[in-house]
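Colleague: I should like to learn how to read salt bridges, strand pairing and internal cavities in a model of this kind. Could we take the features in turn, with the general idea before the case?

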Amino acid sequence: MLLWSLVIVCLTGGLPAQADIGINPRASTLGYGAQLTWGINDSVSVGVEANRFDKRINDTYGGINYRYEIDSSSFAVLGHWYPAGRGGVFRLTAGLYRNDSQVSGTAGLISGSSYTIGNTSYTAANIGSLTGTATFDKNAPYLGIGWGGRPGERFGFTFDLGAMYVGAPKVGLSTTGGVVSAADLETERQQVENDFRNVKWFPLIALGVYVRF
């Protein structure tokens with residue numbers, strides 16, 4: 001990530017004689033975080049960003065109620081280009097995120113009820129406990145647009161709109177204390193992966209406040 005920053009600095013003519021450093025606390029679809037940027041010239045800045053997001057939700061999939069826990073942290077190296085230089089606030093942004101995100105779910109099975117896993121119907125007692133996980137690509141390229149935070153701007157608001165390529169989720173399913181066959185569990189796992197095979201992009205929407213030193 002440091003190498004990316006150094007390459008951008010070299011291509012844009014080196015560091016400015018006077019430090020042009022800004023910080024951008026923000027809330028986004030990646031959670032709460034902040035971005036630290038360095039102005040290279042009137043049109044270009046580079047930055048590093050960190051975000052954190054945790055949430056628990058209840059939802060139903062395949063007729064089974066799950067308690068989901070979303071555990072997400074991300075780190076990025078980004079480059080910003082302002083086509084109008086100091087004369088405009090619009091920018092184009094590209095970079096790479098380190099995406100450490102996982103969704104885990106625990107089934108809330110009701111005693112006496114039956115559930116279909118794979119090709120077989122099982123009672124709650126036959127299943128025991130059922131848990132699932134979904135993970136994504138660790139390296140996620142990003143492209144987006146934004147407004148605010150240009151080099152030389154001392155204070156203002158920022159807005160970003162873009163998308164990260166996180167790849168299709170990799171799903172895992174497991175049971176404990178039950179008699180669910182490995183074949184049915186694998187069939188169910190493949191079906192879940194297939195249902196979400198087109199979920200490869202994660203939208204990023206962010207609002208923040210910008211202060212430059």
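**Salt bridges, strands and cavities**

Modeller: Within helix 3 (residues 182–195) lie both Glu-186 and Arg-189, three residues apart, which is about one turn of the helix. Please bear in mind throughout that this is a predicted model.

Colleague: How far apart are the closest N and O atoms of Glu-186 and Arg-189?

Modeller: They are 2.8 Å apart, and the two residues form a salt bridge. Glu-186 is partly exposed, at 31% relative accessible area, whereas Arg-189 is buried, at 18%. Arg-189 is called buried because its value of 18% falls under the 20% cut-off.

Colleague: Which residues are joined into one network by salt bridges that share partners?

Modeller: That network consists of Arg-26, Glu-49, Arg-91 and Asp-160. For the structure as a whole, the count comes to 13 salt bridges.

Colleague: Which parts of the chain does the pair Arg-56 and Glu-69 link?

Modeller: This pair links distant parts of the chain, with Arg-56 in strand 3 and Glu-69 in strand 4, 13 residues apart. Their closest N and O atoms are 3.5 Å apart in the salt bridge. Arg-56 is exposed, with a relative accessible area of 64%, and Glu-69 is partly exposed at 33%. A further example is the salt bridge between the side chains of Asp-100 and Arg-98, at 3.6 Å from N to O. Here Asp-100 is partly exposed at 30% relative accessibility, and Arg-98 is partly exposed at 32%.

Colleague: Let us turn to the strands. How many bridges join strand 3 to strand 4, and do they run parallel or antiparallel?

Modeller: Strand 3 (residues 44–61) and strand 4 run antiparallel and are joined by 18 bridges. As a point of reference, Ile-57 stands opposite Tyr-68 in strand 4. The hairpin of strand 3 and strand 4 has two residues between the strands, and Gly-62 takes a positive phi near 60 degrees there.

Colleague: How many bridges join strand 4 to strand 5?

Modeller: There are 16 bridges between strand 4 and strand 5, and this pair also runs antiparallel. In this pairing, Asp-71 stands opposite Gln-102 in strand 5.

Colleague: How is empty space inside a model to be read?

Modeller: The general idea is to roll a probe the size of a water molecule over the atoms, which shows where empty space is left. In this case, a search of the whole structure finds two cavities of 30 Å³ or more.

Colleague: How much space lies in the largest cavity, and which strands each supply at least two residues of its lining?

Modeller: The largest cavity holds about 70 Å³ of space. Strand 1 (21–28), strand 2 (31–39) and strand 10 (155–165) each supply at least two residues of its lining. The lining includes Asn-24, Arg-26, Gln-35, Thr-37, Arg-91 and Asp-160. By class, two of its lining residues are nonpolar, seven polar and three charged.

Colleague: What lines the second largest cavity?

Modeller: About 30 Å³ of space lies in the second largest cavity. Among the residues that line it are Arg-26, Gln-35, Glu-49, His-80 and Asp-160. Strand 4 (64–81) and strand 5 (90–107) are the elements that give two or more residues to this lining. The lining divides into four nonpolar, three polar and three charged residues.

Note on methods. Residues numbered from 1 in each chain as written. Predicted model: local features only at pLDDT ≥ 70, side-chain atom pairs only at ≥ 80, totals over all residues. Heavy atoms only, no water. 1 Å grid on protein atoms, 1.4 Å probe; cavity = no way out; pocket = protein on both sides within 12 Å on 5 of 7 lines; lining within 4 Å. Points joined across faces, edges and corners; volume = space filled by probe spheres on them. Helix = DSSP H or I, 4+ residues; strand = E, 2+ residues; numbered from the N terminus. Nonpolar A, V, L, I, M, F, W, Y, C, P; charged D, E, K, R; others polar. Pairing = 2+ DSSP bridges. Salt bridge = Lys/Arg side-chain N within 4 Å of Asp/Glu carboxyl O. Buried < 20%, exposed > 50% of the residue type's maximum accessible area, 1.4 Å probe, protein only.
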